[in-house]
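Please open the model in a viewer and keep the sequence panel at hand. The tour below proceeds by selection, naming at each stop what is to be found there.

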Amino acid sequence: MCSAQGPKAPDVGTGGGVERESDVLRAASMYYLQDLKMEVIARHLGTSRSTVSRLIKRARETGLVEISLRPSSTRAPGLGRSIRAEFGVEAYVVPVPDSAAPVERLDQVSMTAARLLATWFDSDMVMGVAWGTTLAAVSRFLQPKATRGSAVVQLNGAANMRTSGIDYASDLISSFGTAFGAAVHHFSVPAFFDYPETKAAMWRERSIRRVLDVQARADVALFGIGAVTGSVPSHVYAAGYLDADDIAELKAQGVVGDVCTVFLRADGSWRDVALNDRATGPTPEQLQRIPRRVAVVAGDNKVGPLLAALRAGVMTDLVVDERTATRLIERAHRAGRTASGA
């Protein structure tokens with residue numbers, strides 16, 4: 001399916017020329033919606049066939065034209081509507097065969113998230129990015145888009161007990177800045193402080209306040225959903241950020257996952273989870289102040305944590321694979337029947 005949407009991309013020089021937004025839109029509309037050949041379009045626009053080819057390519061690169069293949073058997077459109085109705089979020093369900101390997105599901109969802117992000121993020125905007133396995137996958141599919149006056153800010157600290165964690169998070173956050181030509185603001189604090197008092201003291205430091213202030217101005221937040229187990233384990237649980245006692249404490253408190261290293265119970269509660277007093281990521285309450293909050297999720301082990309995150313109200317948009325979306329709806333309906341005593 002092809003769709004030509006309203007123009008968003010600025011004038012961009014390609015191959016020695018400058019494509020006006022109006023020409024890109026006209027060429028894309030005639031090619032995809034009117035099914036005209038490039039030679040005919042060239043005559044209409046008073047230009048060459050090679051220029052028309054370049055205009056059409058530009059329309060795809062900027063997201064002006066979106067091309068998707070939807071097998072007739074896919075459940076994706078209905079699942080997206082069900083998630084919107086159930087949870088009040090915009091859902092982008094990616095058709096992926098149930099037989100696909102976990103890594104393939106993650107790649108397909110990450111590819112879609114990267115494409116959507118390019119349509120949502122633009123000049124003079126701030127994007128908050130949380131590090132993790134899922135966001136690392138998204139970063140591999142980012143396509144360059146020039147912006148002006150924009151910024152990318154790290155949402156949670158990265159240092160841990162085994163390594164600094166700084167290089168991993170720094171490279172990941174920088175890849176988003178490079179893709180969009182945006183200024184990058186790193187958050188050089190641990191993922192978790194040893195003591196809540198240390199965090200409180202650090203939060204009063206001017207260098208830390210500066211990054212927190214940039215976070216508070218974010219227009220878009222991008223994050224994954226953390227889960228303790230699974231064939232594609234969440235980075236926070238697999239890379240030395242928590243010790244055995246921490247994991248045992250989280251299980252005892254009924255924690256099922258995390259968003260930006262802030263831990264959630266199945267019902268979406270988080271305020272009285274002790275470890276959250278030492279976490280450096282934004283709380284669900286702080287995330288809710290950001291206009292667009294995008295969760296990228298793939299994997300059977302993410303269903304429970306995803307449901308908790310939806311109950312906590314942390315997201316406005318969800319990019320998810322078809323199988324995970326199916327299991328999410330099934331679990332939500334089971335929970336609803338249990339609550340009603342049916």
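Begin by selecting Thr261, which is placed in the loop between strand S10 (255-259) and S11. The model is a predicted one, and in it Thr261 has a positive phi of about 65 degrees although it is not a glycine. Most residues other than glycine have a negative phi. With a relative accessibility of 2%, Thr261 counts as buried.

Select Asp124 next, in the loop between H5 and S6. Here too a residue other than glycine has a positive phi, with a value near 60 degrees. Is Asp124 buried or exposed? Its relative accessible area is 63%, and Asp124 is therefore exposed, the threshold being over 50%.

**The sheet**

Now display the strands in the order S5-S13-S12-S9-S6-S7-S8: these 7 strands make up an open sheet with parallel pairing. Strand S5 (90-94) and S8 are its edges, each pairing on one side only. From one strand to the next, the twist averages 20 degrees. As background, the strands of a sheet pair through backbone hydrogen bonds.

For a detail of the pairing, select residues 126-129 (strand S6) and residues 151-154 (strand S7); the two run parallel and are joined by 4 bridges. Pick Gly128 and then look in S7 for its bridge partner, which is Val153.

Add H9 to the view: this helix packs on the sheet and touches S6, S7 and S8. The direction of H9 makes about 120 degrees with that of S7. Then add helix H5 (residues 102-120), which lies across S5, S6, strand S9 (220-224), strand S12 (292-297) and strand S13 (317-321). Relative to S13, H5 runs at about 150 degrees.

**An enclosed helix**

Select residues 303-312, helix H13. Of its 10 residues, 9 are buried, so the helix is largely enclosed by the rest of the structure. The buried residues are Val303, Gly304, Pro305, Leu306, Leu307, Ala308, Ala309, Leu310 and Ala312. Move on to Gly313, just after H13, where phi is positive at about 70 degrees.

**Aromatic rings**

The model has 6 aromatic pairs by the rule applied. To see one of them, select Phe193 and Trp203, whose rings are 5.9 Å apart centre to centre with 80 degrees between the planes, an edge-to-face arrangement. The pair links distant parts of the chain, 10 residues apart: Phe193 is in the loop between strand S8 (183-185) and helix H8 (196-202), and Trp203 is in the loop between H8 and helix H9 (206-216). Phe193 and Trp203 are both buried.

Extend the selection to Phe187, which ring pairs link with Phe193 and Trp203 into a cluster. Then show Lys199: its charged end sits over the ring of Trp203, at 5.5 Å from the ring centre.

**Salt bridges**

The count of salt bridges comes to 15; three are visited here.

Select Asp246 and Arg278, which form a salt bridge with their closest N and O atoms 3.4 Å apart. Asp246 belongs to helix H11 (residues 244-252), whereas Arg278 is in the loop between strand S11 (262-265) and helix H12 (284-287), 32 residues apart. Both Asp246 and Arg278 are buried.

Next, select Asp300 and Arg327, whose side chains meet in a salt bridge at 3.1 Å, N to O. Asp300 lies in the loop between S12 and H13 and Arg327 in helix H14 (residues 322-340), so the pair ties together parts that are 27 residues apart in sequence. Asp300 is partly exposed at 28% relative accessibility, and Arg327 is partly exposed at 36%. Which residues are linked with Asp300 and Arg327 in a network of salt bridges? Add Arg105, Asp321 and Arg323 to the selection to display the network.

End at helix H3 (residues 49-61) by selecting Lys57 and Glu61, 4 residues apart and thus separated by about one helical turn. Their side chains meet in a salt bridge at 3.9 Å, N to O. Lys57 is partly exposed at 44% relative accessibility, as is Glu61 at 45%.

Notes. Residues are numbered from 1 along each chain as its sequence is written. Side-chain values use heavy atoms; hydrogens and water are left out. Rings of Phe, Tyr and Trp (its six-membered ring) pair if their centres lie within 6.5 Å; planes under 30 degrees apart count as stacked, over 60 as edge-to-face and the rest as tilted. Buried means under 20% relative accessible area, exposed over 50%, partly exposed in between (1.4 Å probe, protein chains only). A charge sits over a ring if NZ of Lys or CZ of Arg is within 6 Å of the ring centre and within 35 degrees of the ring normal. Two strands pair if DSSP finds at least two bridges between them. Axes are lines fitted to C-alpha atoms, for helices over the stretch in contact, and angles run from 0 to 180 degrees between N-to-C directions. Contact means heavy atoms within 4.5 Å. A salt bridge is a side-chain nitrogen of Lys or Arg within 4 Å of a carboxyl oxygen of Asp or Glu.
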